[in-house]
Amino acid sequence: MKYIVFILFTVMTNAAAQLMLKQGMMSLGPISFEANPLLKLLQIVFSPWVFLGLCTFVISMASHLYVLSKVELSFAYPFLSLAYVAVAIFAYFIFREDLNAWRIAGIAFICIGTVLIAQSGRDLGGSGHDDQTASIIPDKTSEIVR
């Protein structure tokens, strides 16, 4: 469980990136690619909120890569579903998006599933992951000795 902070950092930066992208697209208004698609794409990418959101995605991905180097993929990846929870809650408060009973029920199921997966996390970052990696990578030292 010592890598849970990095996992949650990945989740929150992923959610923050989504919120920034939404803010950026709202500030740009309706998009049309009729005139000059390349120019419009550059305008979108380099608008302040969208650009900040994309940079935040890069940070999130770097954090996720670090996590993947330490824990099992089948443990780490499901935690990313918590980004759906964070986005739904923050979108409700920031953008006044609908948070009806169906969405709340879905959020509850995501949270329950994530808690169950977290309970399965035994020996995060310990010898279990290292032993598994070692068994996948061939031992070249024995070939050199021969």
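# Reading burial, rings and core in a helical model

Reader: Start with one residue. Is Y3 buried or exposed?

Author: Y3 is buried, at a relative accessible area of 9%. The cut-off helps here: buried means under 20%, so 9% puts Y3 in that class. Keep in mind that this is a predicted model.

Reader: Now the whole fold. How many helices and strands does the protein have?

Author: Count the elements, then read their order. There are 8 helices and 0 strands. Along the sequence the pattern runs α-α-α-α-α-α-α-α.

Reader: What share of the residues counts as buried?

Author: Of the protein's 146 residues, 29% count as buried. Surface area gives another view. The protein exposes about 9900 Å². Carbon and sulfur atoms supply 70% of that area.

Reader: How do I read contacts against sequence separation? What percentage join residues at least 24 apart?

Author: Take the contacts between residues at least 6 apart in sequence. In the protein, 80% of these join residues at least 24 apart.

Reader: Give me a residue to trace. Where is V67, and which residues does V67 contact beyond its sequence neighbours?

Author: V67 sits in helix α3, which spans residues 48–68. V67 is buried, at 1% relative accessible area. Setting aside neighbours within four places in sequence, V67 contacts F6, I7, T10 and A76. F6, I7 and T10 fall within the span of helix α1, residues 4–28. A backbone distance can be added. V67 and Y77 are 10 residues apart along the chain, and their C-alpha atoms are separated by 9.5 Å.

Reader: Try a polar residue. Is T13 buried or exposed?

Author: T13 is buried, with a relative accessible area of 9%. Its place is in helix α1. Outside the four-place sequence window, T13 touches T56, I59 and S60. Those three residues lie within the span of helix α3.

Reader: Next, the core. What is the general idea behind it?

Author: In soluble globular proteins, nonpolar side chains tend to be buried together. Here the largest nonpolar core has 17 residues. The members that touch the most others are I7, V11, V67, V71, F75, F79 and L82. The elements giving two or more residues to this core are α1, α4 (73–79), α5 (82–94) and α6 (101–119). V67 thus appears twice in our tour: buried at 1%, and on that list of core members.

Reader: On to aromatic rings. How many pairs does the structure hold?

Author: For each pair, read the centre distance and then the angle between planes. The structure holds 6 aromatic pairs. One of them is Y3 with F6, a tilted pair at 6.4 Å centre to centre, with 40 degrees between the planes. A second example is Y92 with F93, an edge-to-face pair at 5.0 Å and 80 degrees.

Reader: How exposed are F6, Y92 and F93?

Author: F6 is partly exposed, at 35%. Y92 is also partly exposed, at 36% relative accessibility. F93 is exposed, at 52%. The upper cut-off explains that last label: exposed means over 50%.

Reader: Which residues do the ring pairs link with Y3 into a cluster?

Author: Ring pairs join Y3, F6 and Y66 into a cluster. Y3 is the buried residue we began with.

Reader: Last, cysteines. How many disulfides are there?

Author: The test is a sulfur-to-sulfur distance. The count comes to 0 disulfides. C55 is partly exposed, at 32% relative accessible area. C111 is partly exposed too, at 30%.

Note on methods. Residues numbered from 1 in each chain as written. Heavy atoms only, no water. Helix = DSSP H or I, 4+ residues; strand = E, 2+ residues; numbered from the N terminus. Buried < 20%, exposed > 50% of the residue type's maximum accessible area, 1.4 Å probe, protein only. Contact = heavy atoms within 4.5 Å. Phe/Tyr/Trp six-rings, centres within 6.5 Å; stacked < 30°, edge-to-face > 60°. Core = buried A, V, L, I, M, F, W, Y, C linked by side-chain atoms within 4.5 Å. Disulfide = S-S within 2.5 Å. Areas by Shrake-Rupley, 256 points an atom, 1.4 Å probe, with all protein chains shown as cover.
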